[in-house]
Amino acid sequence: MFSAAHEAATSAVEKAFASAKADNAVEPHADADGWTQVGSLKVKGGEYGKDYIYTADTMQFHGADYTVAGAPLTNVVEVLTSEPLTFQDADPFNIDNVANAGTYSTTAIVVREGREADIILDGVHIYHRTPINILTNCYDTEDGAKATEGTDVKNPTRLHLTLADGSHNALWSATAYTAPLHCGEGSEFVLDDSVRNADKAGNMVIPVGGIINEDVTLVGGKQLAKGQIHSVLDSDNPGKLLIYGVQDAASIGGNNCESGGRMTFNGGILEATYAGSSGCAAGIGAGSGGNGTETLIMFNSGRYTVAGGYHGAGVGAACYDGYSGATFYQPDIIGSRSYNHPTVAGDITIHGGYIRASGGGHGNGFGAACWAGAAGYNTGHTITVTGGTLYPTGSVGDLGGYDGYVVVTGGSVYAGAGKFIGIGGTAWGNDAYKEEGYNTSNPNDPNKVSMMTINLKSEIEKRNKEATPVITHTDFDELITSWTLTVGGKEYEYGSPKQFFDGQLFLWLPSSAFSQEVTVTLKYVDKNGNEQTIEPLFRQPSGSQSGTVLKRYIYFTLPDDFKDLTKYYDGSPLRGLTIDEHNQIPTDDGKVLSQSGKVQYKYQLYSADQQTPLGAESSASTSMPCDVGYMKLTVDSTEWCDDPDFSTNYWGHRAIGWCEIKPTNSAVDLVKATWNAGVPDEEKDGSEQDDAGKQLTINATISHGTHHPDGTPIDGTKCQAPRGYVQLYVDGKAVGEPVKLVFAGDADEDGNAIPAGDARVNAVAAAVGEGSRTDFTYTFVPAEKDFLLPDATKDNRHIVSLQYLPPVKDGENPDPEPANYLESVNPADHPEQAPKAEVAVEPIDPNPTVTPEKDPRQQGSPGAPAQRGHRALRPRRSGGPLRSRRPGQAHRHPRPHRERLCGRGDHHLGHSQR
């Protein structure tokens, strides 16, 4: 239901039309081709008098003349419904005269307040006070009073503007302070090409991450597949719209002292210039003195070149030029609430498109404008980029808004050195900053991202010269059609750019990515219309943004005896590639490799089916891997890099292979139990009975076994200390949760190194030749850990043994330590093979004797204070022996509990079922 104000406005338009007919005015009518001339424009579609009318004299608004700076608005076509209407110039237009306003149509297009218009421009050139005016439905509020902010408007006026394929269109304001395409606060605007970005149900298709997010059929019938680059939303022959901006009004958005409305850019080619060297408005966004935009500017596809006024941003904010806003208010606009130096960039989101935005002498390319130094100007607002190509330039800054955030999770986004503006000093790769109390000033924050430049210009230029016919274009802005980015050998989730800028891509990655190899694999369409495939190009690891050139490798084939290297773990690396003058390896480019000193290796853990990387790629090294795993092996040779003709385009020669180091057997030895370890005069062997309230320490060593699983002897001189877990057994039963082996230097839950001597440390890597073993220590008080001694025995003696368990490698959070060893012998299954220690524990008296002490004043009187008797040991609880949470699972190698458990002192081993 429309409000009374809306109905009144509709009635006023209908009455005006009826009055014109009553005065015997000639009603426009369609010609043989379906075109109806209205002023100096012509219209096809809809019905005159129902869907649109022509007003030659002053247009009416809210019962009064509509004026602009005191002058009446005349010669307009008023659009009344959502019926699609196509507009053209009534007379042919010579594009060569596009810079001559005198050749333009002088009839404007007005979308009446509260309407939803669907307009197609197919060769329209308008010079007028407001060439296209989306009237703000400012009186459609709850109480009928004029809205004071955009959210007061119940039914916003909306315009979906389509640029017809191959069409040339232009809008030029005839006076200062009024936008050529006016969409002020409280109204909505969408620019599109002939491929309408909507599904059959009318829902807008938004390519988050620069790609199509799900299979979809567009309203026009075009079928799109999930994962396609967002350029499939564009027409193959998009129309163009030129806009000539004027002083203190946005090219698209707000008039003077007015914020912009909600604007979405889905397609077409837009070029918005700004006349003169003054002015304070944005190219797209706010007019002078406006507060950015009401809600959102969003780019999904298309191609846009936008310039702001001298003090304004290309896209986003405007600033105040000293004029009183009331002087220039149009009757429908919602005036700015604080036009004295506001520079609110607002919320801007880019999912796709190619956007070149330039600010004026004092404005950002994208975001802030002049007078942006005061705090709070973009507080609560965010510029978000998930895909597309954005190249902003400004004299003050290129990208960002003061006291606001910039988030970049995809796309090519440029910001020159020292020209980024925003909280944290750089962009963010997620919204971690939203956490209350978050420290945004940490320069090493892993949630922050910085710009990495990748230059493919020489590669594109080389291909252009080899093309048939030769491509002579020099803009190097080719369209990307397929995109994959890997960092450290793993695919990195990063939204697709739309196209190159001068052959370059500007990606925003965390600091950790700069020290790893970055690989780009993509396809693009050259200027001949042919798709070009860029095989993987690599950026060498660098600790800074330098070294941005990408090159490729020429591949060679590994010798047969080196293709599938396999061995059991023994602490030594896999053998390297044998290359010398007697063992030369040919390459695909006709060269040979003969210098082993020029060879380096990188390896990366993979699933056994060679499909899924399980970790980051290692740094380049002259050594082969030592630890267990199935690995992708990269072999690089730089032998020919001293040749300048070779090194210009190539990093070297490369081969890919696979290798595997299998886990070997482990062994537990020297299990020992000690009462009161380290306590003078009280330390004694665990086999000597002692009080259950005393400390009992279990020691063991864990190392390699004697033979590999295939029966061959283990040369353990280089085997390193096993990492993983220990499962305790008492009297042949597993008790408690597996205990994590914790070494000094291991990271705690907060990522901090655990220092030596910390109570959490329960393992030490003891040197043995060139290798090491694990010395394990665990201390507890039996009376306080009765679940560790679950069953009573007749002679109060217990057998303690333990089993080594390797790190857990499955699940969502695998242990980081290498699983170099298999689990040791299970004491429950093979008690005769498991080292053990005997422990004698003084029994707990379930009924302690208490001898009352007689009161010397009242010998034998009842109720006298009790005499302190023997210490009462805790009796066993009823209901059977206490058990660990994993009864009967130890022989199946249960997934260990992830708590870091302590080696000394009173710390829980697990939870008992009490």
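**Close-up views of a predicted model**

**View 1. An open sheet of five strands with antiparallel pairing.** In this predicted model, the strands of the open sheet follow the order 52-51-53-57-56. Strand 52 (684-685) and strand 56 (763-768) are its edge strands, each of which pairs on one side only.

**View 2. The antiparallel junction of strand 51 with strand 52.** Strand 51, which spans residues 666-675, is joined to strand 52 by two bridges, and in strand 52 it is D685 that serves as the bridge partner of T674. Strands of a sheet pair through backbone hydrogen bonds, in either a parallel or an antiparallel manner.

**View 3. The surroundings of S637 in strand 49.** S637 lies in strand 49, which covers residues 629-637, and it counts as buried because its relative accessibility is 1%, under the 20% cut-off. The side chain of S637 reaches the backbone nitrogen of E639 at 3.3 Å, while, leaving aside neighbours within four places in sequence, S637 is in contact with L593, K598, V599, G652 and H653.

**View 4. The largest nonpolar core and the environment of F366.** This core holds 88 residues, of which F87, F189, F265 and F366 touch the most other members; strand 41 (residues 504-509) gives the most to the core, contributing five residues. When neighbours within four places in sequence are left aside, the contacts of F366 include F299, V315, I348, I350 and I355, as well as P392, D398 and G400.

**View 5. A second, separate nonpolar core.** This core comprises 51 residues, among them F562, A673, F743 and V839.

Note on methods: Residues are numbered from 1 along each chain as its sequence is written. This is a predicted model: local features need pLDDT of at least 70, side-chain atom pairs count only at pLDDT 80 or more; totals for chains, interfaces and linings use all residues. Side-chain values use heavy atoms; hydrogens and water are left out. Helices (H or I, at least four residues) and strands (E, at least two) are DSSP runs, numbered from the N terminus. Buried means under 20% relative accessible area, exposed over 50%, partly exposed in between (1.4 Å probe, protein chains only). A polar contact is a pair of N or O atoms within 3.5 Å; within protein, one must be able to donate a hydrogen and the other to accept it, and residues adjacent in sequence count only if both atoms are side-chain atoms. Contact means heavy atoms within 4.5 Å. Two strands pair if DSSP finds at least two bridges between them. A nonpolar core is a set of buried Ala, Val, Leu, Ile, Met, Phe, Trp, Tyr and Cys residues joined through side-chain atoms within 4.5 Å.
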